[in-house]
Structure formats: C-alpha cells, structure tokens
Amino acid sequence: MEVAGKRCLVLGGATKQAERVVEQLLAAGAVVTVQGYQLTANLGEDALDGRFTWLRRELEAREFARFYLMINTMDDPEAGRPGVEFEI
C-alpha cells in the first residue's frame with residue numbers, strides 16, 4: 001500500500017506495536033497522527049521532535065474521514081471505532 005504523503009492515523013501510542021507502526025509509516029513517507037493519552041518514551045521523543053502529530057483527545061466520528069489509513073494499536077479491539085467510548 002502506498003502511503004507516501006498520505007495522512008495516516010495510529011490509535012494508541014503506549015505500546016511497542018505503536019512504535020513499530022509509526023516508524024514504518026514514517027519510513028514510508030506518511031503524514032502520521034497518533035491519537036492517545038500516553039506515548040512510549042521513544043514516541044514521546046519523536047513527538048517532541050515534530051516527526052508526527054500527537055492528539056491527546058478523543059476524535060469525533062467526522063474526523064476519521066480525514067485519514068487515508070487508520071491503524072488501531074490499542075489492546076482493546078473496540079477502541080477507536082467511531083461512536084464507541086473507551087478508556088485509556
């Protein structure tokens with residue numbers, strides 16, 4: 001899948017899986033946004049360096065349409081689905 005220059009959303013940033021996904025998307029040239037209240041230490045450093053956008057809030061259902069690709073890296077498979085409430 002070609003993601004260079006495309007907006008990609010990663011749900012959750014507190015896992016090693018999130019780190020791998022973000023790194024792969026960035027390496028492929030994607031414009032990455034991570035949504036979650038916590039980040040791993042490595043992702044926190046990358047966020048401070050401006051490598052991706054970090055959203056520390058829940059997204060509204062209408063906002064999901066802005067992204068070409070969405071990947072859920074949270075432990076809860078229902079988390080991040082529009083209209084579904086979840087806790088982090």
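Contact means that heavy atoms lie within 4.5 Å. The exercises below use this term often.

The model is predicted: local features need pLDDT of at least 70, side-chain atom pairs count only at pLDDT 80 or more, and totals for chains, interfaces and linings use all residues. Residues are numbered from 1 along each chain as its sequence is written, and side-chain values use heavy atoms, with hydrogens and water left out.

**Exercise 1. Outline the chain.**

Task: State how many helices and strands the protein chain has, and give their pattern along the sequence.

Solution. Start with the terms. Helices (H or I, at least four residues) and strands (E, at least two) are DSSP runs, numbered from the N terminus. The protein chain has 2 helices and 4 strands. Along the sequence they follow the pattern β-α-β-α-β-β. Next, look at burial. Buried means under 20% relative accessible area, exposed means over 50%, and partly exposed is in between (1.4 Å probe, protein chains only). The protein chain has 88 residues, and 40% of them count as buried. Finally, take the contacts between residues at least 6 apart in sequence: 57% join residues at least 24 apart.

**Exercise 2. Build the sheet.**

Task: Find the strand order of the sheet, and explain why β3 and β4 each have one side without a neighbour.

Solution. Two strands pair if DSSP finds at least two bridges between them. The 4 strands form an open sheet with parallel pairing, in the order β3-β2-β1-β4. β3 (53-55) and β4 (69-72) are at the edges with a single partner strand each, so one side of each has no neighbour in the sheet. From one strand to the next, the twist averages 20°.

Now turn to β1. It spans residues 7-13 and is joined to β4 by 4 bridges, the two running parallel. Cysteine 8 stands opposite leucine 69 in β4. With β2, β1 shares 6 bridges, and this pair is parallel too. Here leucine 11 has glutamine 35 of β2 as its bridge partner. Of the 7 residues of β1, 6 are buried.

**Exercise 3. Place the helices.**

Task: Say which strands α1 and α2 pack on or lie across, and at what angles.

Solution. Axes are lines fitted to C-alpha atoms, for helices over the stretch in contact, and angles run from 0 to 180 degrees between N-to-C directions. Helix α1 (residues 16-27) packs on the sheet and touches β1, β2 (31-39) and β4. Its direction makes about 165° with that of β1. Helix α2 (residues 41-48) lies across β1, β2 and β3. α2 runs at about 130° to β2.

Then check the length of α1. The expected span of a helix is 1.5 Å times one less than its number of residues. α1 has 12 residues and reaches 16 Å from its first C-alpha to its last, close to the expected 16 Å. Just after α1, glycine 29 takes a positive phi of about 90°.

**Exercise 4. Look under α1.**

Task: List the buried residues of α1, then follow leucine 25.

Solution. The buried residues are Ala18, Glu19, Val21, Val22, Leu25 and Leu26. They pack against β1, β2, α2 and β4. Leucine 25 has a relative accessible area of 7%, so it is buried. Residues up to four places away are not counted in the next step. Leucine 25 then touches Val3, Cys8, Val10, Ala30, Val32, Leu69 and Ile71. Leucine 25 and arginine 7 are 18 residues apart in sequence, and their C-alpha atoms are 9.8 Å apart.

**Exercise 5. Weigh two threonines.**

Task: Decide whether threonine 33 and threonine 53 are buried or partly exposed.

Solution. Threonine 33 lies in strand β2. It counts as buried because its relative accessibility is 6%. Leaving aside neighbours within four places in sequence, threonine 33 is in contact with Cys8, Leu9, Val10, Thr53, Leu55 and Phe67.

Threonine 53 is in strand β3. Its relative accessible area is 44%, so it is partly exposed. With neighbours within four places again left aside, threonine 53 is in contact with Val32, Thr33 and Val34.

**Exercise 6. Find charges over rings.**

Task: Which rings have lysine 6 and arginine 56 over them?

Solution. A charge sits over a ring if NZ of Lys or CZ of Arg is within 6 Å of the ring centre and within 35 degrees of the ring normal. The charged end of lysine 6 sits over the ring of tyrosine 68, 4.2 Å from its centre. Arginine 56 lies over the face of tryptophan 54, 4.2 Å from the ring centre.
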